[in-house]
Amino acid sequence: MSLTADPPACTVPAAGGSSTHKLVNAGAEKLIFKIKSSNNNEYRITPVFGFVDPSGSKDIVITRTAGAPKEDKLVIHFAPAPADATDAQAAFAAVQPAGTVTIPMSATA
């Protein structure tokens with residue numbers, strides 16, 4: 001079971017911008033994920049919760065509002081998805097995260 005991010009890092013202008021990344025599931029089981037940010041004031045992540053099918057991928061969009069240049073990070077917690085789960089946010093509360101992926105984020109002047 002593994003989840004990777006492509007590209008593995010995010011660089012956006014400090015004045016604001018967005019970046020699209022793929023979460024790639026190389027394993028044989030469906031995964032569920034939750035994304036946490038070290039800076040919820042200047043970053044918006046879509047979606048925060050979701051599923052990634054076996055041997056599949058899911059796009060996430062990182063959007064930054066204007067702010068001072070600085071370094072932040074996203075941490076993506078993931079686990080095998082419950083077989084009957086349809087609501088990722090509700091289902092994630094019932095699982096124990098099995099791993100994490102960290103995406104460093106840089107806001108440049």
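Modeller: A residue is called buried under 20% relative accessible area, exposed over 50% and partly exposed in between, with a 1.4 Å probe and protein chains only. The model discussed here is predicted: local features need pLDDT of at least 70, side-chain atom pairs count only at pLDDT 80 or more, and totals for chains, interfaces and linings use all residues. Residues are numbered from 1 along each chain as its sequence is written, while side-chain values use heavy atoms, with hydrogens and water left out.

Colleague: Why is F92 called buried?

Modeller: The relative accessible area of F92 is 9%. The limit for buried is under 20%, and F92 therefore qualifies.

Colleague: Why does F49 count as partly exposed?

Modeller: F49 has 21% relative accessibility. This value is neither under 20% nor over 50%, so F49 belongs in between.

Colleague: What makes F49 and F92 an aromatic pair, and of which kind?

Modeller: Rings of Phe, Tyr and Trp (its six-membered ring) pair if their centres lie within 6.5 Å; planes under 30 degrees apart are stacked, over 60 edge-to-face, and the rest tilted. The centres of F49 and F92 are 6.3 Å apart and their planes stand at 65°. Both criteria are met, and the pair is therefore edge-to-face. The rule yields a count of 1 aromatic pair.

Colleague: Why can the pair be said to tie together separate parts of the sequence?

Modeller: F49 belongs to strand β6 (residues 49-52) and F92 to helix α1 (residues 88-92), so the parts that they join are 43 residues apart in sequence. Helices (H or I, at least four residues) and strands (E, at least two) are DSSP runs, numbered from the N terminus.

Colleague: How do you know that K30 lies over the face of F51?

Modeller: A charge sits over a ring if NZ of Lys or CZ of Arg is within 6 Å of the ring centre and within 35 degrees of the ring normal. K30 is at 4.5 Å from the ring centre of F51, so the distance condition is satisfied.

Colleague: How do you know which strands are paired with β1 and β3?

Modeller: Two strands pair if DSSP finds at least two bridges between them. Strand β1 is joined to β3 (residues 17-25) by 4 bridges, running antiparallel, and T4 has V24 as its bridge partner in β3. Between β3 and β7 there are 8 bridges, again antiparallel, with K58 in β7 as the partner of L23. These strands belong to an open sheet of 4 strands in the order β1-β3-β7-β5.

Colleague: What makes β1 and β5 edge strands?

Modeller: Strands β1 (3-6) and β5 (43-46) each pair on one side only.

Colleague: What is the order of the sheet that contains β2, and how is β2 paired?

Modeller: An open sheet of 5 strands runs β2-β9-β8-β4-β6, with mixed pairing. Its edge strands are β2 and β6. Strand β2 is joined to β9 (residues 99-108) by 4 bridges and runs parallel to it. C10 stands opposite M105 in β9, and V12 is partnered by A107.

Colleague: Which side chains of β2 are buried?

Modeller: In strand β2 (residues 10-13), C10 and V12 point to one face and are buried, whereas T11 and P13 point to the other and are not. In a regular strand the side chains alternate between the two faces of the sheet.

Colleague: Where are the cis peptide bonds at P7 and P47?

Modeller: One joins D6 and P7, with omega about -5°; P7 is in the loop between β1 and β2. Another runs from T46 to P47, with omega near -10°; P47 is in the loop between β5 and β6.

Colleague: Why is S55 called exposed, and what is its phi?

Modeller: S55 has a relative accessible area of 63%, which is over 50%, so S55 is exposed. Its phi is near 55°, a positive value in a residue other than glycine. S55 is found in the loop between β6 and β7 (57-64).

Colleague: Why is T65 partly exposed, and which residues does T65 contact?

Modeller: The relative accessible area of T65 is 37%, so T65 falls in the in-between class. Contact means heavy atoms within 4.5 Å. Leaving aside neighbours within four places in sequence, T65 is in contact with A14, G16, N41 and E42. T65 is in the loop between β7 and β8 (71-80).
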